[in-house]
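Open the model in your viewer and get ready to select by residue number. We will make a few stops together.

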Amino acid sequence: MTDTLIQGFQSRTLSNGLTLLMGVNKLAPRIYTHIVVKAGAKNDPPGLAGLAHYMEHMLFKGSDKIGTLDWEKESALLAEISDLFEQHRHTDDPEEKKAIYQKIDHLSYEAAGLVASNEYDKLLSAIGARHTNAYTSYDQTVYINDIPSNELERWMQLESERFQYMALRLFHTELETVYEEFNMAQVSDHRKATAALRELLFPGHPYGTQTVIGPAEQLKNPSQQKIQEFFSRFYRPNNMILILSGDFDPDQVMALAEKYFGSYQAAEIPEGPEIPDTELPENQTLEILGQESPFVYLSWKINTDQANSIRWIPLLESILQNDETGLLDLNLNKQQKVLQANAFSWVFQDYSALGLFGMPKQGQSLEEVKALLTEQVEALRKGEFESWLPQAVAKNFKLQQQAVFSSNQSRVQIMTSYFSRGLSWEDYIQIADWVEQLDKDAIIAFAQEHLGEPHAIVYKKQGEDPNIVRVAQPPITPVPIQNDQYSEFARQFLAQEETRLQPVFTNYEESIHTEELAGGVKIHRVFNPVNDIFNLEFIIEIGKNHDLELPIASRYLEYLGSDKLAATAVAQAFFKLGLQFELNVGYERTFISLTGLEESLEAGLELLQHLLFSLKPDQRAYDNLVADILTRRQNSKQDRNTILKNGLSAYAKYGATSPFTNLLSTTELEALAPEQLTEKIAGLFEYPLQVYYHGKKRPDSFLGYLQPFLRKAGQKPLPPVKVFAKASITENELYFLDFPIVQNEVLMLGKSTEKFDLEAFKGKNLYNSYFGTGLSSIVFQEIRESKGLAYSSYAYFNSPLRQKDPHYISAYVGTQPDKVAIAIPALTRIIQDIPINPDQINQARQSLLKQLESDRIPPEKIFLEYLDMKDFGFSHDLRRDIYDWLSTEDITTQLQHFHHNYIRNRPFRIMVMGDRKTTDMEYLHTLGKVTEISLEEVFGY
């Protein structure tokens, strides 16, 4: 056993090689966890790319104890299914494959009758876990949970059982889910472009020769035997790391790890793939096509070791782009020479790369964007950056590290990234100091050695991609879902005596210290006990719905300087102080925020005052901004996520006139005078406002620096707010948007109330947890687990942002066009007639109670939570009301009442997006009148 203490993180190793990384954080009685397996997509066996990712999915299905009702019978059936998959893989005869798959389907249905559905997730819910998830990268596979600290032992017990044995149950329905994930990736232009970039950068290595999901042909021919072999080879204690950050005793964690994981047997870990050491030619180029707006990627493979990569690449990335003073920021983004320019990096285990991304302005070619990007790299190589920039980058690294230290999730994510690459917490801690000691010449020398002409360039142009391959799912028989069944392991697990925490609800009056200043301005202060980062906000109750010019003014501000400082000098001044400034305009509220190192607060306020009250209009900058806004508007109409989540959602709620479509027209934008916008920014401080400060100082110590902002506060009344009429949904309505995607995206929206309703608010979490979201929810089990209809499906009861607005029930399924006729009725049926399982409802209730008992509102969020409560018409912590409602004795009846009062018999607007050529329009017409809408109607332009 080894034991080292590194800057608050303890690293310990069991005798079998299992590594534990532990960081204690007592702010809340919760623990954020990663279980890291140092094997990923690059370790996939030849001919079976995607295996590691698929296996990650299967680790949620249980073991020979978790989830089984009769392992002897089930295991015999699973063995037959495994053999059939081998036969299926080794035959090329389509008819024989089809016949074998029918046998697999039949046996899978029989085996599903011996399964307690989604038991692993139910047991996690029983201990109050949340954020349950996993991901597969090229180098590692990571399993995630966030648990109450008093449930540490049961989490250890459950996870140790989970990783002892992998039961490949419900394999073919999960395979359909992976097919859906593959099909979704086919229409993601950025995923296709980065895959092309890796192909050029890493020839002969899995990073470049395969994707994490895998190719179509190999996905269609899986091997259960190879998956089990992969599990046996790589899921060994000497290849795993348990990373925990939160409220615990490290000695107790060590004892529990020994108890539950100590019997795991170490084994020799197979070596990874060969690492070709080839010199790459320069300017290798690929061109791909896709629906989204055009862009270009270029990248350099950095030939240096892990320890150097993890230091040098973030430094070079920050010198190129840090959102304020990087070469891309100053020379391209702030000069408006491109629509967007960013730097990015890949620090893999075997190779590393630095890359740039650019989007063209209207009329600009991708080749021109590429030339502008490479000019910035050449400027780096020549040392054409300020000599103080590395030290300012170091200061901002320290600022980022302080933010990381205060968050369990961020700590664990950093440690996962570092330790799985053979690096340490100490390597992370020391980066800022290392940068601080570098001189400019060393940076220039490294850049000249590693950044010549780019090794890889990918041009993504608009057009129909002829290479899209859709994996067609074979027909499957929906498997039975048995929510009321439990394995013997689960019964014993749930019967264990448990301790409960006492909930702590926030007393806003005690936590928020409020003073009234001259002129009636209130300043609200919440003490920061965690770090030396402050946040100061000016809050004005005015937004886009009051004044359509405000969002334009906010975007214009980025390109402006003062009468004494150019825009680039302003950005440099904030960055050197370790500060960030933002003007954020919402629909009905605006935040003007200053955030950063506490030591720079006063200097930051002086700088902010000078900027906002001495803004210098710039006609050229405004003309460029208008051109870019119009380009972005057109680009948004090619982005399926923007169309679905913003456009169609707003159309369902409001119709063609909504806050989403409420925009200045092209004519109005072009007629607007820049002076109007600069005056509008300074004029924000003439409206009634309040100040919020989170930090260590007393407000009276910097009150003098606030006064210039407050002198005119309240002199102007707030303008009237534009009110948008919500759609009156009295019967089911169906709308279709023709858009070239391989799936059908189906969004259903129903109005539940006319305004905020406290009873609805109290019941929504239980409804969502039990019914609509999560791995063990009714929707997930019915749509994905039983029928394999979609990668993603949910139903969600939404609360409004303000008291005057309605609650809505929304549901979504993204599925193949030939399955829409199954998916929509299945989703509609269970929404209207919610299946009732008292045991599962009670488990969802207990999970939420345990989450509330272990939750603590972080100090930095207390005032913002208070604002939310005030928007609902309350001044106390409404989590108390939710807790009391969940504590009701007959919770099943409560949920049934909730469903009856807020869900049942509500009509829906059903928004369907898909390609008319593949969509079953005949079926859609059977649902009622189909209204076809255009992108112009959805976006308002």
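The tour visits a sheet, a strand pair and a helix pair.

Before you click, note that this is a predicted model, where local features need pLDDT of at least 70, side-chain atom pairs count only at pLDDT 80 or more, and totals for chains, interfaces and linings use all residues. Residues are numbered from 1 along each chain as its sequence is written, and side-chain values use heavy atoms, with hydrogens and water left out.

**Stop 1: the sheet.** Select 284–290 and 340–347: these are β8 and β10, the edge strands, each pairing on one side only. They belong to an open, mixed sheet of five strands, ordered β8-β12-β9-β11-β10. Strands here are DSSP runs of E with at least two residues, numbered from the N terminus, and two of them pair if DSSP finds at least two bridges between them. Now add 456–462, which is β12; it runs parallel to β8, joined by seven bridges. Zoom in on Leu-289, whose bridge partner in β12 is Lys-461.

**Stop 2: a strand pair.** Next, select 793–798 (β21) and 808–815 (β22), an antiparallel pair with six bridges. Tyr-794 has Tyr-812 in β22 as its bridge partner.

**Stop 3: two helices.** Finally, select α4 (119–126) and α32 (838–854), whose axes lie 7 Å apart at an angle of about 45°. Helices are DSSP runs of H or I with at least four residues; axes are lines fitted to C-alpha atoms over the stretch in contact, and angles run from 0 to 180 degrees between N-to-C directions. Show Lys-122, Ser-125 and Ala-126 of α4, which meet Gln-840, Gln-843, Ser-847 and Lys-850 of α32 (contact means heavy atoms within 4.5 Å).
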